[in-house]
Amino acid sequence: MICLAKNYKSKRVLSIKNISEKEGIPFGFLEKILSQLEKSGLVNGKKGVNGGYILAKSPQKISASDIVFILEDNKNSVNCALCGKKNKCASRNVWVKVDLALNKALKSIKLSTLTK
């Protein structure tokens, strides 16, 4: 996403191969990530010889939270639903506070700030 954000103003479509090489991310892994991001509406894909991906909206309008919540299966630090003690857990309040702080921090970070 940072690579796409750096090219946002030029409106240049970047191929998966190009991004993979620039960022050192395995092609197949990146392909899956970009597919998820496209389904969520954060990136637009273009098919064909000159195909690739481009951000769907301005990097100033995309937060780290937007990206993390699309790519992470478990949205919380700890999945209390799997615990038999979920309603009587002494540490649950700590994890709730951690999740709230993490979510607040991620929402405050815009993709545009990560390109500097």
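## Exercises on a predicted model

The accessible surface of this protein comes to about 7,900 Å², and 55% of that area belongs to carbon and sulfur atoms. Keep in mind that the model is predicted. Have the structure open as you work through the exercises below.

### Exercise 1: Reading the fold

**Task.** Work out how many helices and strands the protein has, and in which pattern they follow one another.

**Solution.**
- Start with the count: there are five helices and two strands.
- Then walk along the sequence, where the pattern reads α-α-α-β-β-α-α.
- Now add some positions: α1 covers 2–6 and α2 covers 16–23, while α3 covers 27–40 and β2 covers 52–55.
- Towards the later part of the chain, α4 takes up 64–71, and α5 takes up residues 92–108.

### Exercise 2: Overall dimensions

**Task.** Compare the radius of gyration of the protein with that of a compact globule of 116 residues.

**Solution.**
- A compact globule of 116 residues would come out near 13 Å.
- The protein itself has 17 Å.
- Next, look along the principal axes: the C-alpha trace spans about 55 × 25 × 25 Å.
- Finally, turn to burial, where 28% of the 116 residues count as buried.

### Exercise 3: Contacts and charges

**Task.** Find what share of the contacts between residues at least 6 apart in sequence join residues at least 24 apart, and describe the charged side chains.

**Solution.**
- For the contacts, the share is 56%.
- For the charges, count 22 positive and 8 negative side chains.
- The centres of these two sets lie 7 Å apart.

### Exercise 4: The largest nonpolar core

**Task.** Identify which residues of the largest nonpolar core touch the most other members, and which element gives the most to this core.

**Solution.**
- The core holds 18 residues, and Leu 4, Ile 19, Leu 34 and Leu 55 touch the most other members.
- At least two residues of this core come from each of α1, α2, α3 and β2.
- The element that gives the most is α3, with four residues.
- Take Ile 19 for a closer look: leaving out residues up to four places away in sequence, Ile 19 touches Cys 3, Leu 4, Leu 14, Gly 24, Leu 30 and Leu 34.
- As a general background, nonpolar side chains in soluble globular proteins tend to be buried together.

### Exercise 5: Two residues in one loop

**Task.** Locate Lys 11 and Tyr 8, and describe each of them.

**Solution.**
- Lys 11 sits in the loop between α1 and α2, and Tyr 8 is also found between α1 and α2.
- Check the backbone of Lys 11: phi is near 60 degrees, a positive value in a residue other than glycine.
- Now list what Tyr 8 touches beyond four places in sequence: Leu 55, Lys 57, Ser 58 and Pro 59.
- Lys 47 is 39 residues from Tyr 8 along the chain, and their C-alpha atoms are separated by 18 Å.

### Exercise 6: Buried or exposed?

**Task.** Decide whether Ile 62, Ser 20 and Lys 104 are buried or exposed.

**Solution.**
- Ile 62 lies in the loop between β2 and α4. Its relative accessible area is 0%, so Ile 62 is buried.
- Beyond four places in sequence, Ile 62 contacts several residues, including Met 1, Leu 42, Leu 55 and Ile 109. The C-alpha atoms of Ile 62 and Ile 109 are separated by 8.6 Å, although the two are 47 residues apart along the chain.
- Ser 20 belongs to helix α2. A relative accessible area of 13% is under the 20% cut-off, so Ser 20 is buried.
- Outside its neighbours within four places, Ser 20 is in contact with Ile 25, Pro 26, Phe 27 and Leu 30.
- Lys 104 is part of helix α5. With a relative accessible area of 65%, which is over the 50% cut-off, Lys 104 is exposed.
- From Lys 104 to Ser 65 the C-alpha separation is 8.4 Å, with their places 39 residues apart along the chain.

Technical notes
Residues numbered from 1 in each chain as written. Predicted model: local features only at pLDDT ≥ 70, side-chain atom pairs only at ≥ 80, totals over all residues. Heavy atoms only, no water. Rg over C-alpha atoms; globule rule 2.2 N^0.38 Å. Buried < 20%, exposed > 50% of the residue type's maximum accessible area, 1.4 Å probe, protein only. Contact = heavy atoms within 4.5 Å. Areas by Shrake-Rupley, 256 points an atom, 1.4 Å probe, with all protein chains shown as cover. Lys, Arg positive; Asp, Glu negative; His and termini not counted. Charge placed at Lys NZ, Arg CZ, Asp CG, Glu CD. Core = buried A, V, L, I, M, F, W, Y, C linked by side-chain atoms within 4.5 Å.
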